[in-house]
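Visitor: Please pick one part of this model and go through it slowly. I would like to know what it is joined to and what lies around it.

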Amino acid sequence: MSAPNAHGDLLVSVVVPTWQEASGIGATLDHLAALEGRWEVVVADGGSPDGTAGLAAAHPSRPRVRIREGGGRGAQCNDGLEVTRGDVVVLLHADSRLPADAHAQIARALASDPECPGGNFAVRFDGGDRYSAFLTRFSAWQRRRGFYYGDSSVWLTRAALRRLGGLREIAIMDDYDLVRRLERLPGSTACLPGPALTSSRRWRQAGLPRTLFAWAAIRWLYVAGFDPERLARLYRAVR
């Protein structure tokens with residue numbers, strides 16, 4: 001892949017895995033349609049009974065919509081990735097938002113280091129309170145140690161995606177598993193300045209102790225080889 005400049009013809013594909021996102025998918029697609037640069041959007045729905053896929057298909061931006069029932073988020077993402085054409089792919093949670101200059105940030109990273117296989121964006125949790133601020137700082141601390149997750153909008157070059165073969169279709173930690181494999185590829189990953197904004201709503205009701213447990217303990221149990229199906233049950237109990 002030749003190194004693009006910040007204003008070149010780089011095509012970036014965004015895959016948005018969705019489940020029961022009827023109330024918010026329109027705003028997500030509005031956001032993506034307003035970004036500068038060349039983008040391709042794929043909504044990968046898990047067969048949501050609330051009509052998420054239909055609402056996405058009817059959006060004026062005309063995203064490509066894929067429906068994959070069963071198999072979990074990893075299977076959804078892989079189904080969406082199969083139809084992307086971009087030089088770079090971004091996995092974006094439906095409740096996350098990319099920075100306005102996300103395209104330029106990616107292009108600059110690849111222009112400065114053509115061997116970069118991908119990475120993520122610095123993440124900021126919404127809310128504006130101490131809880132959200134702590135999650136933002138803790139996420140940055142983890143990233144400096146090589147730990148990051150899907151809520152930081154992971155991105156990969158097409159070459160890296162081919163080498164990794166997509167996500168592993170496991171019950172939980174599919175995003176972290178992808179990141180671990182991405183970090184092992186030749187070249188250095190890049191944490192782009194972002195910030196990518198993500199929602200803290202999923203964690204707010206759980207409280208700080210449970211949130212830290214979910215981020216740390218479940219990760220290490222996964223690394224230690226615990227069955228992802230069992231970890232998924234533990235994760236749901238924590239949440």
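**A strand and its surroundings**

Guide: Arginine 124 stands opposite leucine 197, a residue of S8. The model is a predicted one, and this pair of residues is a good place to start reading it. Arginine 124 falls within strand S6, which covers residues 118-125. The partner strand, S8, takes in residues 190-198. Between S6 and S8 there are six bridges, and the pairing is parallel.

S6 has a second partner. S6 pairs with S7 in the antiparallel sense, over two bridges. One of the residues involved is glycine 118, whose bridge partner in S7 is leucine 156. How much of S6 is covered? Six of its eight residues are buried, so the strand is mostly covered. When you look along a strand like this, keep one rule in mind: in a regular strand the side chains alternate between the two faces of the sheet.

Now place S6 in the whole sheet. The sheet is open and has eight strands, in the order S3-S2-S1-S4-S7-S6-S8-S5, with mixed pairing. At its edges are strand S3 (64-67) and strand S5 (96-97), each of which pairs on one side only. Going from S6 through S7 in that order brings you to S4. Strand S4 (residues 88-91) and S7 run antiparallel and are joined by three bridges. There, valine 88 stands opposite threonine 157 of S7. A helix also packs on the sheet: H3, residues 72-81, touches S1 (11-18), S2 (38-45), S3 and S4. The direction of H3 makes about 145° with that of S1.

Next, the nonpolar residues. The largest nonpolar core has 28 residues, and the members that touch the most others are Leu32, Leu98, Ile106, Phe121 and Trp155. Which elements supply at least two residues each to this core? They are S1, helix H1 (25-34), S2, S4, helix H4 (102-112) and S8. H4 gives the most, with five residues. Another core lies apart from this one; it has 19 residues, including Cys77, Leu81, Val83 and Leu161.

Leu161 also leads to a single residue that can be checked by hand. Among the contacts of glycine 166, neighbours within four places in sequence set aside, are Asn78, Leu161, Leu178 and Arg181. Glycine 166 lies in the loop between helix H6 (158-164) and H7. Its relative accessible area is 7%; the limit for a buried residue is 20%, so glycine 166 counts as buried. Glycine 166 and leucine 178 are 12 residues apart in sequence, and their C-alpha atoms are 7.7 Å apart in space.

The last topic is the aromatic residues. Searching the whole structure gives five aromatic pairs. In one of them, phenylalanine 147 and tyrosine 176 have ring centres 6.4 Å apart and planes at 50°, so the pair is tilted. Phenylalanine 147 is in the loop between helix H5 (130-144) and strand S7 (155-157), while tyrosine 176 is in helix H7 (residues 174-184). The pair therefore ties together parts that are 29 residues apart in sequence. Both phenylalanine 147 and tyrosine 176 are buried.

Phenylalanine 147 has a further ring partner, tryptophan 220. Here the ring centres are 5.7 Å apart and the planes meet at 85°, so this pair is edge-to-face. Tryptophan 220 belongs to helix H9 (residues 208-223), and the pair links parts of the chain 73 residues apart. How buried or exposed are the two residues? Phenylalanine 147 has a relative accessible area of 18%, which makes it buried. Tryptophan 220, at 46%, is partly exposed. Together with Tyr149, the residues Phe147, Tyr176 and Trp220 form one aromatic cluster.

Two arginines lie over rings in this part of the model. Arginine 219 is over the face of phenylalanine 147, 3.9 Å from the ring centre. The charged end of arginine 143 sits over the ring of tyrosine 148, at 4.0 Å from its centre.

Notes: Residues numbered from 1 in each chain as written. Predicted model: local features only at pLDDT ≥ 70, side-chain atom pairs only at ≥ 80, totals over all residues. Heavy atoms only, no water. Phe/Tyr/Trp six-rings, centres within 6.5 Å; stacked < 30°, edge-to-face > 60°. Helix = DSSP H or I, 4+ residues; strand = E, 2+ residues; numbered from the N terminus. Buried < 20%, exposed > 50% of the residue type's maximum accessible area, 1.4 Å probe, protein only. Lys NZ or Arg CZ within 6 Å of the ring centre and 35° of its normal. Contact = heavy atoms within 4.5 Å. Pairing = 2+ DSSP bridges. Axes fitted to C-alpha atoms, helices over the stretch in contact; angles between N-to-C directions. Core = buried A, V, L, I, M, F, W, Y, C linked by side-chain atoms within 4.5 Å.
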